[in-house]
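Here's a quick tour of one protein model, taken from its open spaces to its strands. Have the structure open as you read.

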Amino acid sequence: MRAALRFAVAEQLTNIAVPVPLPERHAPRKRWLTRPEMARLVWAAWRLAQGYPALDDKGRKIIGSDGKPVMNPTKRRIGKHVARFILTELYTASRPGVIVNAAVGPTIGRGYVDLDTGVFYRKPREARETKKRAPDILLDPKLLGHIRRWNDACKRENGRSLRYVVEWQGGPVKRINKAFRAACEAAGLGDDVVPHTLRHTAITWALRNRADRQALSDYAGMSQATMQKVYFHTDIEYAATASGAITGKRASR
């Protein structure tokens, strides 16, 4: 609304500048996943099975101690696309929407992965540049190997190539939130873990491994100022090593 009012004033459609206060910004997220948590989440997503409500002798749903219906699992796996989303998000540190929108091979209106060159074109070729940068990147060989195997599996099972990096029943996934939440519950993770937590985790892991900040900010499509502001917790932990060096004993020669 504020942008629309400013535009109206600039175009002299009105001479009344109405102030529109903005809500306070949320504090930067601090939640990131440890490696055991990440492994648990990927495994839970891959094994996530479809279920149906358990019924009592009178045909009524059985309610568990948590107030939710007790579900009987089936053998149908319904979370493989979530596991693929998690791995791609972790390896690329991309925004969740970029991963969900990614195709395999050139596709109008979508970013895509080139399986031959290993380049991930994160934005559609015709898209305009915005504040949310999404530069093209070279995929990690491990992730590229994963996507190629997913493509081979799709050819064996469906007689066609993989169309989208995150694919559900042959089509693209519009939103991953609900399925991701189910995987988190299966992995025993709380509501504070959301799809964006994976991007936060990827960058935090890289910083803890002493990645070059300029290279990392370019890779993630993030300014260094934003990285400094959002990932200050990593800086604090890194600075703590200096404190230990000040008070520690000098190594003997």
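The lining of the second largest pocket has 11 nonpolar residues, along with four polar and four charged ones. Keep in mind that this is a predicted model. The pocket in question, the second largest, has a volume of about 720 Å³. Its lining runs to 19 residues, and those closest to the centre are Leu48, Ala49, Met71, Ala182 and Glu185.

Which elements give two or more residues to that lining? They are strand 1 (49-53), strand 2 (71-77) and helix 6 (177-186). Helix 6 supplies the largest share, with five residues.

Now for the enclosed space. Searching the whole structure turns up one cavity of 30 Å³ or more, and the volume of the largest cavity is about 30 Å³. Around the largest cavity sit Ser94, Arg95, Val98, Arg122, Arg133, Ala134, Arg199 and Ala220. Sorted by class, that lining comes to four charged residues, three nonpolar and one polar. As for the idea behind such a search, rolling a probe the size of a water molecule over the atoms shows where empty space is left.

Here are the two spaces side by side.

| Space | Volume | Nonpolar residues | Polar residues | Charged residues |
|---|---|---|---|---|
| Second largest pocket | about 720 Å³ | 11 | four | four |
| Largest cavity | about 30 Å³ | three | one | four |

On to the strands. The protein as a whole has 10 helices and eight strands. Four of the strands make an open sheet with mixed pairing, in the order 3-4-5-6. Why do strand 3 (103-104) and strand 6 (137-138) each have one side without a neighbour in the sheet? Both stand at the edges with a single partner strand each, so one side of each stays unpaired in the sheet.

In general, strands of a sheet pair through backbone hydrogen bonds, either parallel or antiparallel. Here, strand 3 and strand 4 (residues 112-113) run parallel and are joined by two bridges. Val104 stands opposite Val113 in strand 4.

Finally, a few totals. Of the 253 residues in the protein, 37% are buried. The protein exposes about 16,400 Å², and 55% of that is supplied by carbon and sulfur atoms. How about contacts along the sequence? Taking contacts between residues at least 6 apart in sequence, 57% join residues at least 24 apart.

Methods. Residues numbered from 1 in each chain as written. Predicted model: local features only at pLDDT ≥ 70, side-chain atom pairs only at ≥ 80, totals over all residues. Heavy atoms only, no water. 1 Å grid on protein atoms, 1.4 Å probe; cavity = no way out; pocket = protein on both sides within 12 Å on 5 of 7 lines; lining within 4 Å. Points joined across faces, edges and corners; volume = space filled by probe spheres on them. Nonpolar A, V, L, I, M, F, W, Y, C, P; charged D, E, K, R; others polar. Buried < 20%, exposed > 50% of the residue type's maximum accessible area, 1.4 Å probe, protein only. Contact = heavy atoms within 4.5 Å. Areas by Shrake-Rupley, 256 points an atom, 1.4 Å probe, with all protein chains shown as cover. Pairing = 2+ DSSP bridges.
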